[in-house]
Amino acid sequence: MPEGPHHGMTRRDVLKAGTAVAGAGALVGTTEATLRYAQMEADAVTVTIHRDEYGVPHVYARDGESRAPVYYGFGYVTASDRLFQLEMYRRYYHGTVSEALGAGGENQNWVQFDKEARRNTAGEPSLEEQAQGQLTESQRNVLQAYTDGINAYIREVREDDERGFHQGFQENDFEPEEFTFEDVAGVFVAPNGFFMGFQLETLGATMVDMLTGKYGDRETALDVFSDANWENDPGAPTATVQSGEGYWPPYTDPETGETTTYEPQERIDSGDQNLVTNRMTGGDVTVPRNSRQVHEREMARRQTIEDGLKQLGIAYKTGSFALAVNGDVTESGDALLMGGPQMDFSSPSVMYEVGLHGPDFDVAGSTVAGYPCIMFGHNNHGAFTSTAGIDNLVQTFEVDVEINEDGPDTYEFKGETEEIEEVEKTIEVADGENVTYTERFTRHGVVTQWNPEAGQAIVQTRSYAGRHMTCFRGYYDIQFAENVEEFSEAGRQCDYAVNLLWADRNGDIGYFHLGRYPDFESVEWDTRFPADGNKYELTDEDYRRAADGTVPYSINPPAGYSASWNNKHAPGWHAGDLNYNYSTDHRVQRIINRVERRLHTDGELDYEFLKSIPEDLAFIDLRSIRYKGHLLDALDGADLTETEQTAKAQLESWGHIAEGDGPDSMGTYPPGYTIWDETFGNVLGEIYGPVFGDGLGLGLVFHNNNYGRGALMRLLNPEEAALDLSEHADYGDPEDALVRAFRSAVETLDSEFEGGPSEWRRSAAVDSLSTMSLFGIPVGSSSAGEMAQMNRGTEEHFVRLSDDIHAENILPPGNDGYIAPDGSTGPHFDDQLDMFRNFEYKQLLLADEDVEAATASTQELTFEAQSDDDGDGSDDDDGTDDGGTGDDGTDDGGTGDDGTNDGGTGDGSADDGGTDDDSDDGTDGDSADDSGPGFGVGGSIAALGSAGYLLKRKLTEDETE
């Protein structure tokens, strides 16, 4: 194992004591020392912030006895650069945007937004409560230190006549209140609640309802529906081990169009391949009454959060790609890692870069702004990245209810009458009357639709409810992993649907699918659809959990690499209502094709090859490399008009690159691409229209430009496909459908343009770098401009795990998101944009000497701590878990007297993630009254005692050139 970077010691040498942390038989055992918090330090700790030439902060606190001082600095620099983002994120978590921005206008109803935001965590214990049970004391201390760093910056700005708060505060006429522990934890939870809370069960039920009307019976309808959302496509590429079944799409040269098939090979001695299965086995199918209305209401809830985005759900407009390569198949013998988290482009970016350097660790990379941990980066031992897991975390239930005028409304569950629980909520509105509404719960969870006229409630069970701090724990702990085994144990604590990839200096790699999912092989209903809530529920025994080893992972897969782009996790692992995403035609196939081709021709991969992948993915049309050849073959036998023949010639001369012809890849598209793009939009309707009838619009949610084209690939390659299409579906002659789609496109384009096909050039799509946050909340009025639309990461990073680790990254438009009250921005607001456009990357700094050489300015923060409450100077953390949340630690269904259920609320529960007014925060300092209106959450957590910080700020410019 390589030595640590300081004093010739490893991290294990530095940590004096280790205690296995396990949660009530559920958390994976991890080793973590009892780390002292700042108030236990004998002397004040100096936190030094070096900013490099791109404004990236590198936070140092080597002399501290714990990690907390570094995270204090982390919170401070994040607030310095991104405070308005943090403000909007915490308001999203608490559902208090209306309190700051008002009710909204025609384009955005902030009151409804707040209702849906609160519903993401309604009925759960507060995050402070979750932290007490799911984090060690030292982990809670780190979160509190991060919080205190944010507040130090807020206080500093209030006392500074020169630097005002971000323009967003000025424009909306309010200033930020200081943050609480709950706020900071909520900033972490808010994006994840958004990403994880997606379902298409109601869409599936609606489509089956419509297909039943078309085909006359439910059995036939289900068979045809399986062409849209199948139970399993054996040919779908995985991130672990390929099944070896079905059609394997070839590599396509993007310029010439030549194709060659390179199937994955076993190349290395593989490690632990935990290829567990979770196969859908059918069962009861529930189609809610008024199914289409139910589905449309569910999608309207999502669209409210997504601020008017047209597509259904975040998973279909974003994703993330990654590649980990074992050292045995690289030129240098070093493991390699590449990642590109895809969360859209905005000004400022949703991502934020930082370097953290403490007494026992160094870690650098990027994260979602406001996360108190690095998600994408590396330490001195290994590198890590993540992609969206896209899996079944949410189960929808339809519950028949009885409306009672003289008492509480009720429902029957397995023959017993139970009450609908109700909690009254109020939303404060800045420019109007406050709004009061009622939140309802059944034993399954929060009611997302209340339809009393129909005697119906739509309810969701979320497998991660009440487990958010366990997920933070996983993300936090992976930062300090030294090898693949430690990384595995740390990461698999997380109950969110996330994939983690790792590569280290030992040459090892790993892929880990995280989460907590219904056991499809044991539940009694088809998980592609809602379930009958009067008969069924999900209990702890019904789940598979990564922490328990019942979710797939792969250490050193036999192919020598792991490629992830939100694809299937293992051959026998299904995803319920989201299974349509796992198909033979999947975008990750492009990465796999390129890797296999290089390994076949050169026998090895290198660092520069990894850097070439985003450039290849940026503009290649992932549809045309699979289907343009089929279209041209069909046109060869068609009787074409002169215009159609000319259009066909343009299509043939175009390769597969959708890139504008002007500066920075903007301008106009080639005629061939314009013709292709219009044609393929028609192909889907021509192929599926006769099969799905009035349900075509719904079917095209599954069969769209990004996902679910597996049925089309199987239709065009019937002999090789591993999954047959429905015998009841009459697709007709696919070649005829392709010709009709082409002719329709030519007719459209001929009427759109004055000249012939050689003049058919549509404007290239652009990304405007909008000023919206991840959730459609404005984060200021200054945009960094626009750039060509590219299929790239919001941030991209590459790491070679050699003895002297080499890493590069890029984060457009820049790392600094501060906009002054007068609208001006600093030099690092957009200084990475041109580099990104040109596929240029900067060094991702970690080593002290590299940081020192790149330092442009230095700032020091000093915080002095008071003594601990009991005066004994000891750390009360004994290094053991404070109860941990395990599978027997929370109740996913009914309510308990202690109020810690995942679904409903009990007598002692805290509403919407807030803190019970009767709770004791254990501090002598500021109480919940200090938090801003709408943030009724307590002050410091009890474990922190009365620690306070005195900020002494001094700013010095580095005199070195």
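Me: Before helices are compared, what is meant by an axis, and between which directions do the angles run?
Reply: In this predicted model, an axis is a line fitted to C-alpha atoms, for helices over the stretch in contact. The angles run from 0 to 180 degrees between N-to-C directions.

Me: How are two packed helices described?
Reply: Two packed helices are described by two quantities. These are the angle between their axes and the distance between the axes.

Me: Are helices α2 and α6 roughly parallel, roughly perpendicular or oblique to each other?
Reply: Helix α2 covers residues 68-94 and helix α6 covers residues 137-158. Their axes come within 7 Å and cross at roughly 50°. Angles under 35 degrees count as roughly parallel and 65 to 115 as roughly perpendicular. The crossing angle fits neither class, and α2 and α6 are therefore oblique.

Me: Is the crossing of α2 and α6 left-handed or right-handed, and which residues meet there?
Reply: In α2, the residues that meet α6 include Ala68, Tyr71, Gly75 and Leu86. Their counterparts in α6 include Asn141, Ala145, Gly149 and Glu156. The crossing of α2 and α6 is right-handed.

Me: Is aspartate 362 buried or exposed?
Reply: Aspartate 362 is found in strand β11, residues 362-368. A residue is buried if its relative accessible area is under 20%. Because the relative accessibility of aspartate 362 is 5%, this residue counts as buried.

Me: With which side chains does the side chain of aspartate 362 make a polar contact?
Reply: One polar contact of this side chain, at 2.6 Å, is with the side chain of arginine 62. Another, at 2.7 Å, is with the side chain of histidine 357. The names asked for are thus arginine 62 and histidine 357.

Me: Which strands pair with β31, and in which sense?
Reply: Strand β31 comprises residues 806-810, and 4 of its 5 residues are buried. With β30, residues 796-800, β31 pairs over 5 bridges in the antiparallel sense, and the two form a hairpin with 5 residues between them. With β32, residues 842-843, β31 is joined by 2 bridges, again antiparallel. The partners are β30 and β32.

Me: Which residue of β32 stands opposite asparagine 809?
Reply: On the β30 side, glutamate 796 stands opposite isoleucine 810 of β31. On the β32 side, the residue opposite asparagine 809 is lysine 842.

Me: What share of the residues in the chain is buried?
Reply: The chain has 23 helices and 34 strands. Of its 961 residues, the buried share is 65%.

Conventions: Residues are numbered from 1 along each chain as its sequence is written. This is a predicted model: local features need pLDDT of at least 70, side-chain atom pairs count only at pLDDT 80 or more; totals for chains, interfaces and linings use all residues. Side-chain values use heavy atoms; hydrogens and water are left out. Buried means under 20% relative accessible area, exposed over 50%, partly exposed in between (1.4 Å probe, protein chains only). Helices (H or I, at least four residues) and strands (E, at least two) are DSSP runs, numbered from the N terminus. Two strands pair if DSSP finds at least two bridges between them. A polar contact is a pair of N or O atoms within 3.5 Å; within protein, one must be able to donate a hydrogen and the other to accept it, and residues adjacent in sequence count only if both atoms are side-chain atoms. Angles under 35 degrees count as roughly parallel, over 145 as roughly antiparallel, 65 to 115 as roughly perpendicular and the rest as oblique. A crossing is left-handed if the near helix is turned anticlockwise from the far one by less than a right angle, and right-handed if clockwise. Contact means heavy atoms within 4.5 Å.
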